[in-house]
Amino acid sequence: MTLQEYDYARESPSKLAASCLLLALIMKNLGGWTPTLEYYSGYCSQDLHPLVKRLNFLLTYQPRDKLKAVRTKYSHRVFFEVAKVTPMDMLKLEEKLKSC
């Protein structure tokens, strides 16, 4: 979804990927940012928090009429319907990020 948003073009791809992974881990209650993830990604959890919040906010956007191909593609069961996942409440996300 970030490919359709110009605001994310300035982010490094590795930081964007790490932030997406952290958000997914939190959303699925699979834990947080581990020392192993920090070592191999090069990012500590606190470096990713602002981008994780922006990514969660991006999930709240309603699809635009002209830019719905990505959302439609990832709403299919082949891709585990990840586009249909509801975003986290920002307060709950804040709490979980503090514990990471």
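Where is the place of Phe80 in this structure? Phe80 sits in the loop between α4 and α5, and we will come back to that loop below. Welcome to this predicted model. The tour starts with helix α1, moves on to two loops, and ends with the salt bridges, of which a search of the whole structure finds three.

**Helix α1 and what covers it**

- Helix α1 takes in residues 13-27, and its 15 residues should span 21 Å at 1.5 Å a residue; the end C-alpha atoms are 21 Å apart, so expectation and model agree.
- The buried residues of α1 are Leu16, Ala18, Ser19, Leu22, Leu23, Leu25 and Ile26.
- Their cover includes three other helices: α2 (35-41), α3 (45-59) and α5 (90-99).
- Ser19 makes a good example to look up, as a residue of helix α1 with a relative accessible area of 0%.
- That value is under the 20% cut-off, so Ser19 counts as buried.
- Leaving aside residues up to four places away in sequence, Ser19 touches Leu48, Leu51, Val52 and Leu55.

**The loop between α1 and α2**

- Just after α1 comes Asn29, a residue in the loop between α1 and α2.
- Phi of Asn29 is near 55°, which is a positive value in a residue other than glycine.
- Asn29 is exposed, because its relative accessible area is 55% and the cut-off for exposed is over 50%.

**The loop between α4 and α5**

- Back to Phe80, whose phi is near 60°, again a positive value in a residue other than glycine.
- Phe80 is exposed, with a relative accessible area of 71%.
- Val78 is also found in the loop between α4 (69-73) and α5, and this residue is exposed, at a relative accessible area of 56%.
- Phe80 and Val78 both belong to a nonpolar surface patch of about 560 Å².
- The full membership of that patch is Tyr74, Val78, Phe79, Phe80, Val82 and Val85.

**Salt bridges**

- Glu11 pairs with Arg54 in a salt bridge, where the closest N and O atoms are 2.9 Å apart.
- This pair links distant parts of the chain, 43 residues apart: Glu11 is in the segment before α1, while Arg54 is in helix α3.
- The two partners of this bridge can be compared by their cover: Glu11 is buried, with a relative accessible area of 17%, whereas Arg54 is partly exposed, at 27%.
- Lys53 forms a salt bridge with Glu94, and here the closest N and O atoms are 2.9 Å apart.
- Because Lys53 lies in helix α3 and Glu94 in helix α5, the pair ties together parts that are 41 residues apart in sequence.
- Lys53 is partly exposed, with a relative accessible area of 26%, and Glu94 is partly exposed as well, at 29%.
- Glu81 and Lys84 meet through their side chains in a salt bridge, with 3.7 Å from N to O.
- Glu81 is partly exposed, with a relative accessible area of 34%, while Lys84 counts as exposed at 52%.

Methods: Residues are numbered from 1 along each chain as its sequence is written. This is a predicted model: local features need pLDDT of at least 70, side-chain atom pairs count only at pLDDT 80 or more; totals for chains, interfaces and linings use all residues. Side-chain values use heavy atoms; hydrogens and water are left out. Helices (H or I, at least four residues) and strands (E, at least two) are DSSP runs, numbered from the N terminus. The expected span of a helix is 1.5 Å times one less than its number of residues. Buried means under 20% relative accessible area, exposed over 50%, partly exposed in between (1.4 Å probe, protein chains only). Contact means heavy atoms within 4.5 Å. Patches are made of residues with over 30% relative accessible area and no salt bridge: like charges are joined within 9 Å, nonpolar side chains (Val, Leu, Ile, Met, Phe, Trp, Tyr) within 5 Å. Accessible areas come from the Shrake-Rupley method with a 1.4 Å probe; for residues, only the protein chains shown count as cover. A salt bridge is a side-chain nitrogen of Lys or Arg within 4 Å of a carboxyl oxygen of Asp or Glu.
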